[in-house]
Amino acid sequence: MSAFRRKIYNYYLELPSQWRGAASRIIGLLPARYKFGPSFISKWVFIKKTEFLPRPEINRISEQGLREILLHAFGTTEFYGSSMRAAGIDEQEIGKDPVGMLKKMPMVDKSVLHENMDEFLSSEIRRVKFDRTSTGGTSGEPFYFYINSDRSAKEWAFMVDQWSRYGFSLSSKRVTFRGTKIRDKGWEEDWLTRELKFSSFQMTDQYIDEIWPPLSTFKPDFIYAYPQTAILLAKYIEHSGKPLPASVKAFLIGSENIYKGQKEYIEKVTGCKVYMWYGHSEKLVLGGYCEQEDVYHAYPQYGYTEFINQKGEDAQPDEKAEIVGTGFMNTVTPFIRYRTGDYCTYLGDHCPACGRNYHIFRDVKGRWTQEVLYGLKGNPISMSAINIHSDVFLNVFRFQFYQQELGKAVLRLMTRKEFTEKDKMAIEKEFNQKFSGSVVVEAEVVEDIPLTDRGKYKFIDQQIMK
Ligand SMILES: [Zn+2]
């Protein structure tokens, strides 16, 4: 997105909702090139032109992306520059054999980046547009980093491309249940993205009763939701006997893994297919199902993905592996050989069902869980919807929700020394506005948040319905 277009888009987002509806109607009529920008179009064309290439050519594409980001990191960041020089790597070697050089480099994880963020920042930061973002709540330990402002337009090209395998097009209409604040009447229409947005925080039978008429009249092609929300909709359909509009082609479900039986249940009750993909805020790996097979296909045009087994080597097909990513999109904080903390079963570098020479994998586990908070009426609220991307957690080292009672939660905070009462109030305000009364959150500063038996941090210490 160009700076100008971005400014307009930000301005559009700040408009009062009644004006936003009218403005989005006008912008919605524009061709994709004007709506989403030239970087969206060129990226999508590139994906379409390359997706069915033979393996050597696919390798060349991902090696070229890798070469560019390695050279960039070598030349503009302190951490990668010095670690590559220490490993005897120079620009000439990167140019000749980027994969060989990558394998000589150490893997990094969130804590290394977090503790040495200045050394990971590219000197390019002075001349490109960037945003501060975070992995927010998905691990209970907020992690802030910097990323190029044009990522959304590029990523949108990948999202549209993968959904197009299930019939999605730029004129498709979506009903969206995500973690966005919904103002006014309980739903919001966005003509720019052709979405009707609902709240995933108030998923009670009463709320679904209220939204069913506008949802049906809208005649969506797709329903975009978290697994828990899709299951609630399926349960509602099963009990009420009200079917989804016949226009719905599929559910689009990302951000969280889906457990065995859940996908089958949604498909059986709603009569619609479920399309899944794997991705994350760091923008290193993105992989969705193909048209034929329910396994993830990592885009070689998006990042260089490694599947590393327990011995620290490249996994063989059918082996369990950690997903390790080197993203091509973020040149402000390059992430190279970044351990995502997500594990999967690696299946190989070719999908026999569709013919794409992409890395394929299934059974993702790790940061991807389905922890929930419960609203006043027992309605589950997905962890991914709770994810906070604002700056309120800057002075928080770790946090965890503790819930004993429906509609109420204590947010435990382990804080940095800069933390003040003002931060505490800002955090409470942020959540209480987001949940709009469905769960009342009270923050509490604690000395320690103990690990689980398996040595992991739990995002939600849930005492209800165990
Ligand atoms: Zn396939």
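User: Which residue in S19 stands opposite Lys408?
Analyst: This is a predicted model, in which local features need pLDDT of at least 70 and side-chain atom pairs count only at pLDDT 80 or more, while totals for chains, interfaces and linings use all residues. Residues are numbered from 1 along each chain as its sequence is written. Six bridges join S19 to strand S18 (residues 408-415), and the two run parallel; strands are DSSP runs of E, at least two residues, and helices are runs of H or I, at least four, both numbered from the N terminus. Opposite Lys408 in S19 is Val440.

User: Why is one side of S19 and one side of S20 left without a neighbour in the sheet?
Analyst: The four strands form an open sheet with mixed pairing, in the order S19-S18-S17-S20. Strands S19 (440-445) and S20 (460-462) are at its edges, so one side of each has no neighbour in the sheet. Pairing requires at least two DSSP bridges between two strands. On that basis, S19 and S20 each have a single partner strand.

User: What angle does helix H16 make with S19?
Analyst: Within this sheet the twist averages 25 degrees from one strand to the next. Helix H16 (residues 421-435) packs on the sheet and touches S18 and S19; contact means C-beta atoms, placed from the backbone, within 7 Å. Axes are lines fitted to C-alpha atoms, for helices over the stretch in contact, and angles run from 0 to 180 degrees between N-to-C directions. The direction of H16 and that of S19 make an angle of about 160 degrees.

User: Which are the edge strands of the open sheet that 12 strands form?
Analyst: The order of this sheet is S4-S5-S3-S6-S7-S8-S9-S10-S14-S13-S12-S11, and its pairing is mixed. The edge strands each pair on one side only, and they are S4 (187-190) and S11.

User: Which residue in S14 does Tyr343 stand opposite?
Analyst: Strands S13 (residues 338-348) and S14 (residues 359-365) run antiparallel, joined by four bridges. In S14, Tyr343 faces Lys365.

User: How are H4 and H11 oriented to each other?
Analyst: The axes of helix H4 (residues 38-50) and helix H11 (residues 151-163) come within 8 Å and cross at roughly 40 degrees. Angles under 35 degrees count as roughly parallel, over 145 as roughly antiparallel, 65 to 115 as roughly perpendicular, and the rest as oblique. The pair H4 and H11 is therefore oblique.

User: Is the crossing of H13 and H14 left-handed or right-handed?
Analyst: Helix H13 (residues 227-240) packs against helix H14 (residues 262-270) at about 35 degrees, with the axes 9 Å apart. A crossing is left-handed if the near helix is turned anticlockwise from the far one by less than a right angle, and right-handed if clockwise. For H13 and H14 the crossing is left-handed.

User: Where in the protein is confidence lowest?
Analyst: The mean pLDDT (the predictor's confidence in each residue, from 0 to 100) is 86, and 86% of the residues reach 70 or more. Confidence is highest in strand S11 (residues 303-308), at 98. The lowest confidence, a mean of 56, belongs to helix H1 (residues 3-14).

Notes
Contact = placed C-beta atoms within 7 Å.
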